[in-house]
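Student: I would like to go through this model and ask how each label is earned.
Tutor: Good. Let us take the labels one at a time.

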Amino acid sequence: MSTAALLARARLLNRDLAPGEPLAEIVVRPLAAAVAESEEGPEPEVTETGSPADRLWELAKDATRLRARPGAPDGLIEATAALQHLACLFAEDADSMTARIAELAGIQGDLETRIDVAVDGPYLVTNATKITNWLGEPIQTFPQMALCRCGQSAVKPLCDGSHARVGFKGEKDPARVPDRQDSYEGVQVTVLDNRGICAHSGFCTDRLPTVFRVAEEPFVAPSGGRADEILRAVRACPSGALGHAVDGRTAPAPRRESAIEVSKDGPYRVTGGIPLDGDASREHYSLCRCGQSRNKPICSGMHWHVGFTDPPLSEEPTLFEWAGGLPALTRMTRIFYEKYVPHDDLLGPLFARMSPDHPQRVAAWLAETFGGPKLYTEQYGGYDHMVAEHAGKALTEQWRSRWAQLISRAADDAGLPTDPEFRAAFAAYVEWGSRIAVENSQPGATPPPHMPVPQWWWVCEARPGSRVSALAPPVERTEVQIPASDEAVGFADHIKPLFREMDRRSMSFAFDLWSHEDVVRHADAILARLRKGSMPCDGAWPAEHVDLFARWIAEGTSP
């Protein structure tokens, strides 16, 4: 099978698969570019039998076989990524999809895990098995993937061919910050900094501003913090810009599992030494995702300046989402067990022999409890394992109280949200969960077996934005049109505009103020509260608005 023959089959399938030529931009275009670069002859005449779905699967396998050969061109690799994705989506069920992914992985199994940067095109990710979103939730991977680099794809993080349509260019900006390592010697540790590869994620300046100083020179003041705090900030740097040396010797970067994080509104954060264009010298680095970096493919922080954004949180975020997901919870537990526990007279001896991955285990438990993925159940054994971890330890109230006190400090240090609604829910779970742990740990305790991991939620459904903050600027009401006396009052035109977004959020625990059906169902109760002035909570409506609502009810609650 040649690339030209593959292209001919792709063109034929593109006509037969569905209206709109779905393969044109993501398969046919890059294959045509690959054929044009090669010395292959013209496309052969082909005929195909079978259903389009079956032909797609065969095409994906043949493309993968070609891609697995040494020296495969970028266009072939990009098209293979799209074909693998589509063929797996066409699988009959989840088991069939898993089987297809395994078969494709077997075909290209001899290829190393790596990221290649296509010229003016996407990141070509080969044999990566762990890609997560900014919350730490897994993203479905395929043996060959093409990740968006231009920032314009409608199916981020996957490429949809937009780079070709918008004329994306991948060259570096001559005016970029120089790639140069500066050294800042301190009393305890020397900080190394390369502004040329900094992604400006703010992890250092936000968490240790006495050392990493915004708008001050020199940027690094290495004697402004403790050595352990500096080392924690250096390890947290996602771009690789920061390093450290002790006694004149540069410390190696931590070795972590190979993974790619699609950060929120920012770059791809790569860890584990995944080679970039064959260069395996970096343990971690940040790749531009907005298409505007001055140091492509490395992120230069331009996403901040161009306003690159991902879709917002859901209207009713879970505690897991609001906290910042697994990365934020892991950051908190690592600070807790690295900074507070070792120096505490009560907790230090208790945790002296904990496993090295204990902070990750606690973070996974909290993630699942707060509404995130079932990481603790899938990776560590779920509820039964947690109960077994505490069984017979005879934990005391003093230990529990200290644990609750210090985990709250770690939450502050880790930058978890400080709004009253989140902290009320967080504190409630810490108190509840730690007291259950003490109970289950007593000699002779018989906790109920095989229970699910508990699910925690907002206290009394009090979510962020459901109340008016005393510090918030006043919200102006949308001008409401009062219909004439001979004009019918309608929900969409006259009643819905009476309710602001903040009013809707504040009542979302009970019903939707922008839903005609919900408001009709609760109309009398709403009117009673409007007349009393207890709704909305930041001040009574003008009398003419209350009268308009009452008139709408009297006229039959028209849509």
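Tutor: Start with a definition: helices are DSSP runs of H or I with at least four residues, and strands are E runs of at least two. By that count, the chain has 22 helices and twelve strands. Remember that this is a predicted model.

Student: How much of the chain is buried?
Tutor: Of the 559 residues, 48% are buried. The cut-off is under 20% relative accessible area.

Student: What makes Glu37 exposed?
Tutor: Exposed means over 50% relative accessible area. Glu37 has 64%, so Glu37 is called exposed. Its place is in helix H2, residues 24-37.

Student: Which residues gather with Glu37 in a patch of negative charge?
Tutor: Asp74, Asp277 and Asp279 join Glu37 in that surface patch. Like charges are joined within 9 Å.

Student: Why is Lys156 called partly exposed?
Tutor: Partly exposed lies between the 20% and 50% limits. Lys156 has 33% relative accessibility, so that label fits. Lys156 sits in the loop between strand E5 (144-147) and helix H6 (162-166).

Student: How far is Lys156 from Arg207?
Tutor: They are 51 residues apart in sequence. In space, their C-alpha atoms are 29 Å apart.

Student: How do you know that the span of helix H4 agrees with its number of residues?
Tutor: H4 covers residues 74-89, which is 16 residues. At 1.5 Å a residue, the expected span is 22 Å. The end C-alpha atoms are 23 Å apart, so the two agree.

Student: Is H4 mostly covered or mostly open?
Tutor: Mostly covered: 13 of the 16 residues in H4 are buried.

Methods: Residues are numbered from 1 along each chain as its sequence is written. This is a predicted model: local features need pLDDT of at least 70, side-chain atom pairs count only at pLDDT 80 or more; totals for chains, interfaces and linings use all residues. Side-chain values use heavy atoms; hydrogens and water are left out. The expected span of a helix is 1.5 Å times one less than its number of residues. Buried means under 20% relative accessible area, exposed over 50%, partly exposed in between (1.4 Å probe, protein chains only). Patches are made of residues with over 30% relative accessible area and no salt bridge: like charges are joined within 9 Å, nonpolar side chains (Val, Leu, Ile, Met, Phe, Trp, Tyr) within 5 Å. Accessible areas come from the Shrake-Rupley method with a 1.4 Å probe; for residues, only the protein chains shown count as cover. A salt bridge is a side-chain nitrogen of Lys or Arg within 4 Å of a carboxyl oxygen of Asp or Glu. Lys and Arg count as positive and Asp and Glu as negative; His and the chain ends are not counted. The place of a charge is taken as NZ of Lys, CZ of Arg, CG of Asp or CD of Glu.
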